[in-house]
Amino acid sequence: MKIALREVTKRFASTTAVDRVSLDIGDGELFTLLGPSGCGKTTLLRLLAGFVAVDDGEIRFGNRRVDGLPPHARNIGMVFQNYALWPHMTVRGNVTYGLRLRKLSAAEIGRRMAAGLARVNLTGLEDRYPGQLSGGQQQRVALARALVLNPDILLLDEPLSNLDAKIRVQVRGEIRALQRDLAITTIYVTHDQEEALSLSDRVAVMREGRVQQVATPKTLYERPANRFVADFVGTNNFIPGVVKEHADDYALVETPLGRICARRGDRAAGAACVLAVRPENVTLNGGGENRVEGRIRLAAYLGSTLRYDVETAAGLVLKVDVGDSWQHELLPAGHGVHVTFPASATLVLAED
């Protein structure tokens, strides 16, 4: 089921929670709304669900306009952040609740429940209560309850935020595999950028009710549209500067660290800008087009990487990731180093 939003707006008193959002979501796509708390992503999901009314604009599911329809007429499945399970009902009761409201036959309810529990690996737990289940199992019950309704669209509102880190990774993989098997159009809301990058076909990054960029995870990470996206998705080093000139596909930028060669952006010569380069693209005591002297200020062991904070003479601190921490001898604070980074991995962005 395709989804189209056109200039959708929602206001609460003097606050515009969703501001003229237009999106096209493909049939069978897992599309994520990503952003910080208060950016409007959950409000947008609730507009899609019909829990709150649109002030302006329109929403279409396929060829059908739905922004004037109640939730039960939109044929959606919803999974909430807090699971919203009835504590006094068993797994059986929770999963079949919506089916019983639809007054389906007992045989059909039983068939759908068995198929739904099998999909989420909960067969055999029909008679347990939510309090007897782990967080991951409760989340699977909520997912099964949504799927047994055979919805055209699945909506998930930060469904993994209450799980611990290891279980969260496991369950998100299960959600992605299930979504692909069912080929159901899915809108997923999260503030966790790693979750968004690992799950999604495409991601919309939101800020203050507006969409900043819509892109695949790879494009979002490697080619952010502006400083906000570059800062929110992953970690970046930001270096202020002024574009001096362009040469072929590159720009020369005057910065407090000296003149830096960067990948050409849309900033004209003479324009203020900010350069963005990710820590994994910065090399310690290596070679590259751009070289900056500095001293180690801090080293942090992150498991798969070792991250250094290198303070430059200009006072800017550059983060450097060393990938092979097993083979790397830890450098002490105060140790003099130089860092290098290639022009091809250095982006020119507008100041925020």
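**Exercise 1. Find which residue stands opposite aspartate 309, and place the pair in its sheet.**

Step 1. In this predicted model, aspartate 309 has lysine 319 of strand 18 standing opposite.

Step 2. Next, look at the strands involved. Strand 17 covers residues 306-312 and is joined to strand 18 by 6 bridges, with the two running antiparallel.

Step 3. Now zoom out to the sheet. The sheet is open and has 5 strands, in the order 15-19-16-17-18, with antiparallel pairing. Strand 15 (283-284) and strand 18 (317-322) are its edges, each pairing on one side only.

**Exercise 2. Work out how helix 2 and helix 4 are oriented where they pack, and which residues make the contact.**

Step 1. Start with the geometry. Helix 2 (residues 91-101) packs against helix 4 (residues 135-147) at an angle of about 30 degrees, and their axes are 7 Å apart.

Step 2. Classify the angle. Angles under 35 degrees count as roughly parallel, so helix 2 is roughly parallel to helix 4.

Step 3. Add the handedness: the two helices make a right-handed crossing.

Step 4. List the residues. Helix 2 contributes Val91, Asn94 and Val95, while helix 4 contributes Val141, Ala144 and Arg145. Sorted by class, this contact holds 4 nonpolar, 1 polar and 1 charged residues.

**Exercise 3. Summarise the protein chain as a whole: its secondary structure, its extent and its burial.**

Step 1. Count the elements: the chain has 8 helices and 20 strands.

Step 2. Take the extent along the principal axes, where the C-alpha trace spans about 75 × 45 × 35 Å.

Step 3. Finish with burial: 48% of the 352 residues count as buried.

Note on methods
Residues are numbered from 1 along each chain as its sequence is written. This is a predicted model: local features need pLDDT of at least 70, side-chain atom pairs count only at pLDDT 80 or more; totals for chains, interfaces and linings use all residues. Side-chain values use heavy atoms; hydrogens and water are left out. Two strands pair if DSSP finds at least two bridges between them. Helices (H or I, at least four residues) and strands (E, at least two) are DSSP runs, numbered from the N terminus. Axes are lines fitted to C-alpha atoms, for helices over the stretch in contact, and angles run from 0 to 180 degrees between N-to-C directions. Angles under 35 degrees count as roughly parallel, over 145 as roughly antiparallel, 65 to 115 as roughly perpendicular and the rest as oblique. A crossing is left-handed if the near helix is turned anticlockwise from the far one by less than a right angle, and right-handed if clockwise. Contact means heavy atoms within 4.5 Å. Ala, Val, Leu, Ile, Met, Phe, Trp, Tyr, Cys and Pro count as nonpolar, Asp, Glu, Lys and Arg as charged, and the others, Gly among them, as polar. Buried means under 20% relative accessible area, exposed over 50%, partly exposed in between (1.4 Å probe, protein chains only).
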